[in-house]
Amino acid sequence: MLFKIRTLFDSMAVTPLYLYLFLFLGPSNFSNSPFAHGFPSSSSDTTMHTNNWAVLVCTSRFWFNYRHMANTLSLYRTVKRLGIPDERIILMLADDMACNARNKYPAQVFNNENHKLNLYGDNVEVDYRGYEVTVENFLRVLTGRHETAVPRSKRLLSDEGSHILLYMTGHGGDEFLKFQDSEELQSHDLADAVKQMKEKRRFKELLIMVDTCQAATLFSQLQSPGVLAIGSSMKGENSYSHHLDSDVGVSVVDRFTFYTLAFFERLNMYDNASLSSLFNSYNPSTLMSTAYYRTDLYQRRLEEVPVTNFFGSVMETIHTDAAYRAPSRKTSGRADIKTSPDKMVTDDQIKTTTNSNVLDQSSDQKQADQACPFARLMSSFKNKVQTVEEADSLVNYGLVTMIPLLLLSTLL
Amino acid sequence: MAEVSEPAIAETSRPEEPVSEFDPKSMRKTKPGLKRLILTLSVLLSFLLGFPFLWKSVEIYRAPLPFREIDHFSAQLDSAPLLFPCHFQAILIGFNSKPSISSDDLQFAISDLTSQTPQCGACSASYTVSVSVDSDAICAVDFDSDDEAVDELLESTLGGPAGERKVYSVVVVNRDEDVRAVVGKYRHAWISGRVSEAAALSRAAEIFVKVFVNGGKEEGLIHGEFMPVGADGRIVLSFNLLNANPNDGVYDWEFQKIEETVLAPVIEALRPVANISVESQVLYHTPKFSFSYWDHKWSSYIFNTKDLPFFVNSNEWHLDTSVAAGGRSKILHFVVYVPSADEWPLLLQLPNGEVSKTNGFISPMWGGVIVWNPEDPGDTPDSKQPVRHKISYQDLQKVFEVSMGQLRQLFGLKSDNLFVGSSGTSRLLASDRGFTLWELDVLSRQHTCFNLHSCATTLGSLSRLVQSLPRMIIMDEIGKQVHYSLEVAKLAQVNASLGVYDASAVASRQARSLAEDAFYHPSIMSVSYYSFEHCFAVYSPFFLPVSMHVLLAALREWRRHKQENKKYLAWKTKINKAS
C-alpha cells in the first residue's frame, strides 16, 4: 500500500490540490480497525504433544511451474517417510503434473534430473486438487470452518497437543502468495487465520516454511505465540530454482526445498537432529537468497527441538498396567511409563539474525533539490508520506476529500 | 405629463434622494417567486427521503449477539471456579467407648487435605460432614464375607433412591484383624481392622478427598489430553482386529456378542459424559513399523517401551475410515494386533525387565493397542488358502478387559485397582460397567468444568472476532446458537450448584457443542470483504455527482431567493420612506 502511494506521488503533476489533500488529514478512520490484540494466556507448556500434522500447499498451476509441484511432493514423501500418516497430512496440489499432456514420463514426477526418485510412485493421497485449491479453502482448512458435508480426510482435525507443519510454495511477492494465478493470499489474512487457530487451541506449535520469492514477508504479520516461521528469501530477493531437467523440459526443484531435502535424506525416524541444525544448513551463497526465520514468537530454543517434532511422527505412549476385570481380584505392577524421544542437545550455533522490512530512506538525493523551494516541499511531503503507518487511512482521507473537491469544481 | 413623469423624473433626476431611486441591482419591485425554490427543494427532499432506503439496502445483516452476557459469563467462570456441593458421612462401628471425635474433627481433617485454592470440579467450601456411631443396620453387615458381597449389602443399607442427594460414606469397623480399606463400586468405602479413632479419622478423610473427590489421583484436575470427547459431544470407538500376515492364519472375532455383553453397559454408564457409538473392522496385511528381537530367556520376540511410539504403522493401518463420525467427533482406535507367525509370540518388555501382563499401551487422544498372541500359529499349511480361525469368546473377553482398562486410561483414570495413599493402600472394587459410580461422578464434574470453560473461551473468541470485523455478515443461525449456548450453560451452572452431576455434564456438553457450532459456522470467513472502500467505490459514481449538483442547485436557489427578498425589502423600505 505504501509503495503504491509513493509511486502515485512521484508521478503526479504539480497542482495545489494535493496540498489541499495533505491539509485535510483528519482523525476519522474508515478502515477496519486493527484486530484486537488480546491473547488468552497460552497454556501450551502444560499440554502434552500428542500428534503431528502437515499441511502442504502448492499454489501454482501450469506446466512451467512443475518445480512447485515437485517441491510439495518431495516434502510429502519426506514427511510420510518420517512417520506422519496420510490421515494427518493435508496435501493441496493446484495442478496435475503427473498426468499432464506435456509430461514425457506419464504418472511420474521427479525432483532431480537423475530421475532416481519418482515422487508420484505409490500411496499419494491428494486431498485438495486442481481448482479446489483456493484461498478460501486454504483458510477454511486452517480455521476449521467447513460445510458439514466435507469429509474428515479434508479437514485439519488437530487439537491442542498437535504440532503442525505448514509448507507453502508457489509464486509470491511482498506480503502475498499467489493462488492459481488468479487470487492472492495476503499476509494479514494468514496472520488472522493463525490467530484464530491459536484462540481455538488448534495447535500447540506451528512451523511455517515458505518457498517463494520474498517469502519472509508472508509471515511478517504473525503475532500468535508458538509459531516458528522460515522463508526462503527476504523482502526484495527472489528464490531460484535449482536446476533444469533438459529431458522433462522444465526446472524440477527449487533451491530452498532441494537443500531441505538434502538435509532430510540423511535422517530416518529415529534420529534426533535439531531444528537449529536444519536452519543453519542453508547457505546463502548456494541458495542465492537469504533464508530468514523468525523465532520471536517461539519459546523453546531451537537447539533443543528435534526435527521429528514437526516432520516425523511422535506418539506419546503410556503402558497399560492392568486389565480391568469386574468380579475377580487382579493386582498389577506399578509401572506407568511415558516414553518420549531422546533430546540431544547439539553444539551452540550462531543464529543469523537479519532484520527485514525496513524501508530505507536515503536522503542524499534530496540535497540537490534543496535550492528549489517547491522541490523541498515535495521532498518533505514524500518523507512524511513514507513515515505514515496507516496507509489505508490516508487513502480514505483522500476519498473523503474528494467531496469538497467536487464541490469546488462545480462552483467554479 | 408632469404628474406621471414627475415621480419617474424625480427618481432619476434627484440622485441625492435615494428613496425614490430604483437600482435594479439591489432592488426589485415584485416579490420573488417561490416556484424555482420549491422545485429545487422538492428534488433535494426526494433525495433526502430516499437516502434512508439506500442505506438500509446496503446494510450488512448482522444478527445481534449478546456480547455483554458472553463477557459476563467468561468473567464469572474465571473469577470463581465451578464448585459442587459434596456431602460426606462417616460411620463408626465397634468402638466401645463413646467416640471422642465429632463432625468438626472430620471437617478439620478434610480441609487439611484439600488444597487452599479449590480447583474446578472440586467441592465447594460448604460441604456437609456428619459422623454417626454404631448404626444398627450397618452392624448387621457381615464384614467377614467377600468384598463384593459386603459392597452390595452396604449399598442396600446406605444407598438411597436415585433422586436423593449423593452422600459419600466411609464405614470404619473396629475389629480384631489387620487394617484393610476397600472402596466399593457405589459411593461408599469401608475400613476394617484394628484402627484407632484418630487413625480412622485421617484415613477416612484421605479416602474422601483423594478418592471420592479427586478420583484416585493426587491432583484433582484432569488434563485436556485425557478428555477425548469431540466438540459435538460424541465419541466413536473404533475396534480394529489387525492380521499382520494373513497367510499364517486369518483371525476373526464375534464382535456383536462381545459388544452387547461388555461394551453396552459401559456406553450406558458414560452417557452423561459423552454420546458414544461403536464401530469395528478387521484388517489384513498390516505389519507393524518397529522391530522386535528374539529373546531366549522369555523364548519369545520382545519389543520394548522405546519402540512403542513407532509401533503404529500409519501407512498400512487404515484405521480412520469411519463414515459415521462427523467432522467434529472424536475417534478412539482400539487395535488388537495379531502378529505374524515368524514373530510369534510377541511380548512387550518394560524398562524394569519384566514382561508386560497386558501387552498393551495407549496414546492419549488416539486410542490403544493390544498385542494378542494366538495359542499356536500352527504349521504353515501347504494349501494356498489361509486357515480361518475365530478368536474364542474367553480370549476375546480377556482382550476386552484390557481394552476397558485402556478406555479408563484414556479418560484419565487408572486401569489398575489399587489406591496408594499416605496412610495406606486401599483396594478399589471394579465395576462391570467399566466405571464405578464415584468415578462417574468425578468424570461428570471434571467434564462439566472443562466443557463450560471451553464454551466460555469459544464464545469469547467469537465475540472478539465479530467485533473486530464490523462489516462481516452474521447469520441468524449463529445468533440463535449463541443464545441457546448461554442458556444451556446457565442451566449447567444451576445443576452444578444443586449437585446434580449428570444433568450438569449433559448440559455443559450441549453448551460446548452449540458454542463450537456457532464459532465454526462456515459463513464466518474473516477474509476482508465488503469493506467500506468497496461500498464507496461502487456507489459514489452513481450518486456523488448528481447529489452534488442537486445540493448546489438547492443552495444556489436559496441564496438567490434570499438575495431577491432582500432586494424587494430594500425597495419596499424605500417606498415606505418615500411615502
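Is Glu557(B) buried or exposed? Glu557(B) is buried, with a relative accessible area of 9%, and I would like to begin there, keeping in mind throughout that what we are looking at is a predicted model.

The side chain of Glu557(B) meets that of Arg36(B) in a salt bridge, at 2.9 Å from N to O. This pair links distant parts of the chain, since Glu557(B) sits in helix α13 of chain B while Arg36(B) belongs to helix α2, residues 35-57, of chain B, and their positions lie 521 residues apart. Arg36(B), for its part, counts as partly exposed because its relative accessibility is 46%, a value that falls between the limits of 20% and 50%.

Let me turn to another salt bridge, in which the closest N and O atoms, those of Lys185(B) and Asp151(B), are 3.7 Å apart. Here too the pair links distant parts of the chain, with Lys185(B) in the loop between β4 (180-183) and β5 (188-193) of chain B and Asp151(B) in helix α6 (residues 147-158) of chain B, 34 residues apart. Both Lys185(B) and Asp151(B) are buried. In chain A, salt bridges that share partners join Arg301(A), Glu303(A) and Glu304(A) into one network.

Which side chain meets that of Arg464(B) in a salt bridge? The partner is Glu199(A), with a distance of 3.1 Å from N to O. Arg464(B) lies in helix α10 of chain B and Glu199(A) in helix α5 (residues 187-199) of chain A, so this pair joins two chains. Arg464(B) is partly exposed, at 33% relative accessibility, whereas Glu199(A) is buried, with a relative accessible area of 12%. Over all chains, the count comes to 36 salt bridges.

Staying with helix α10 (residues 437-468) of chain B, we find that its axis and that of helix α3 (residues 67-79) of chain B come within 9 Å and cross at roughly 145°. The crossing of α3(B) past α10(B) is left-handed. Among the residues that meet there are Phe67(B), Ile70(B) and Phe73(B) from α3(B), and Leu452(B), Ala456(B) and Leu459(B) from α10(B).

Finally, I come back to helix α13 (residues 532-578) of chain B, which also holds Phe543(B). Phe543(B) counts as partly exposed, at 37% relative accessibility, and together with Val538(B), Tyr539(B) and Phe542(B) it makes a nonpolar surface patch of about 370 Å².

Methods: Residues numbered from 1 in each chain as written. Chains lettered and ligands numbered in written order. Predicted model: local features only at pLDDT ≥ 70, side-chain atom pairs only at ≥ 80, totals over all residues. Heavy atoms only, no water. Patch = residues over 30% accessible without salt bridge, like charges linked within 9 Å, V, L, I, M, F, W, Y side chains within 5 Å. Areas by Shrake-Rupley, 256 points an atom, 1.4 Å probe, with all protein chains shown as cover. Salt bridge = Lys/Arg side-chain N within 4 Å of Asp/Glu carboxyl O. Helix = DSSP H or I, 4+ residues; strand = E, 2+ residues; numbered from the N terminus. Buried < 20%, exposed > 50% of the residue type's maximum accessible area, 1.4 Å probe, protein only. Axes fitted to C-alpha atoms, helices over the stretch in contact; angles between N-to-C directions. Left-handed = near helix turned anticlockwise from the far one by under 90°. Contact = heavy atoms within 4.5 Å.
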